Amino acid sequence: KRQVHGDYKQRKVILMLAVNTRIRLANLLEAIAQGERQVEESRQVLAQIYDFEPDTTFRRLDRFNNGYVSVNDLVDFLQANRVDSTSKEVQKIINEHSGGRDTLHFDDFLSIVTPRNNLALRNIVVTRRGSSPRFDRVPIEVENALANLFEDEVRHNRNIQTRIYELEISADYNVTELFREIDLENFGYIDYEGIRLFFNDLNIIITEEDINAIIRRVNRLDTG
């Protein structure tokens, strides 16, 4: 843990945000953590399927062998699996995982489908090699698990947008002040200790896993 200078509660008096606004910020961060946990669970379910192999599964989405997955490719896949989503929502997923591009390349796809919290399982998955000559079909169990994973991503983003809207309608809504609630030392970034202190000051329990999930998501949004 980094050293925090001075008394945390004393420094809080310089901030202008109301308690309700701070609670809404906490609700947003909790929603991020909860969604990341659900997405990670779906990643691990997919990874534990013996027949799941990333290259073959990527080619299932890249049906025209372009070397990337477009918004239309992913929309078609989700529609075929009866996942409720819009082109805008699919675009957001692609942007977040590709660093802002309009397409998913194989490395981007790997970042979506491989576990983050189980490195042993992740290493097993990335070394699997497919044997099927078909690029438009994967085992039904893999198909369903992949669709569930993307559905969780869509739902996660929707929930985040709802929490953001609740923040934006706050009378004292100010992005800079919201950031300073966590970056109280003016480091210019959000870190583990800043999140822990923010929740502690509100008397809200948060786990190490949740804090790491929040940081993981924020970092992805920052690059996407």
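1. Phenylalanine 58 is buried, with a relative accessible area of 5%. The cut-off for burial is under 20%, so phenylalanine 58 meets it. Note that this is a predicted model.

2. Phenylalanine 106 is partly exposed, at 29% relative accessibility. That value lies between the 20% and 50% limits, hence the label.

3. A search of the whole structure turns up five aromatic pairs. One of them joins phenylalanine 58 and phenylalanine 106. Their ring centres are 5.6 Å apart, and the planes meet at 85°. The pair is edge-to-face. This contact ties together distant parts of the chain. Phenylalanine 58 sits in helix α3 (residues 54–61), while phenylalanine 106 belongs to helix α6 (residues 106–113). The two are 48 residues apart. Ring pairs also bring in Phe109, making a cluster of Phe58, Phe106 and Phe109.

4. Phenylalanine 77 and phenylalanine 150 have ring centres 6.5 Å apart and planes at 70°. An angle over 60 degrees counts as edge-to-face, so this pair gets that label. The pair, too, links distant parts of the chain. Phenylalanine 77 lies in helix α4 (residues 71–80) and phenylalanine 150 in helix α8 (residues 140–168), 73 residues apart. Both phenylalanine 77 and phenylalanine 150 are buried.

5. Helix α5 (residues 87–98) passes a length check. It has twelve residues, and at 1.5 Å a residue it should span 16 Å. The expected span uses one less than the number of residues. The end C-alpha atoms are 16 Å apart, which agrees.

6. Which residues of α5 are buried? They are Glu89, Val90, Ile93, Ile94, Asn95, Glu96, His97 and Ser98. Glycine 99 comes just after α5 and takes a positive phi of about 75°.

7. The chain contains eleven helices and zero strands. Of its 224 residues, 47% are buried. Consider contacts between residues at least 6 apart in sequence: 75% of these join residues at least 24 apart. The exposed area is about 12,000 Å², and carbon and sulfur atoms supply 49% of it.

8. Confidence should be read by region. The mean pLDDT of the chain is 89, and 88% of residues reach 70 or more. Helix α8 has the highest confidence, at a mean of 97. Helix α1 (residues 8–12) has the lowest, at a mean of 50. Phenylalanine 150, from the pair with phenylalanine 77, lies in α8.

Definitions and conventions:
Residues numbered from 1 in each chain as written. Predicted model: local features only at pLDDT ≥ 70, side-chain atom pairs only at ≥ 80, totals over all residues. Heavy atoms only, no water. Helix = DSSP H or I, 4+ residues; strand = E, 2+ residues; numbered from the N terminus. Buried < 20%, exposed > 50% of the residue type's maximum accessible area, 1.4 Å probe, protein only. Phe/Tyr/Trp six-rings, centres within 6.5 Å; stacked < 30°, edge-to-face > 60°. pLDDT = per-residue confidence, 0-100. Contact = heavy atoms within 4.5 Å. Areas by Shrake-Rupley, 256 points an atom, 1.4 Å probe, with all protein chains shown as cover.
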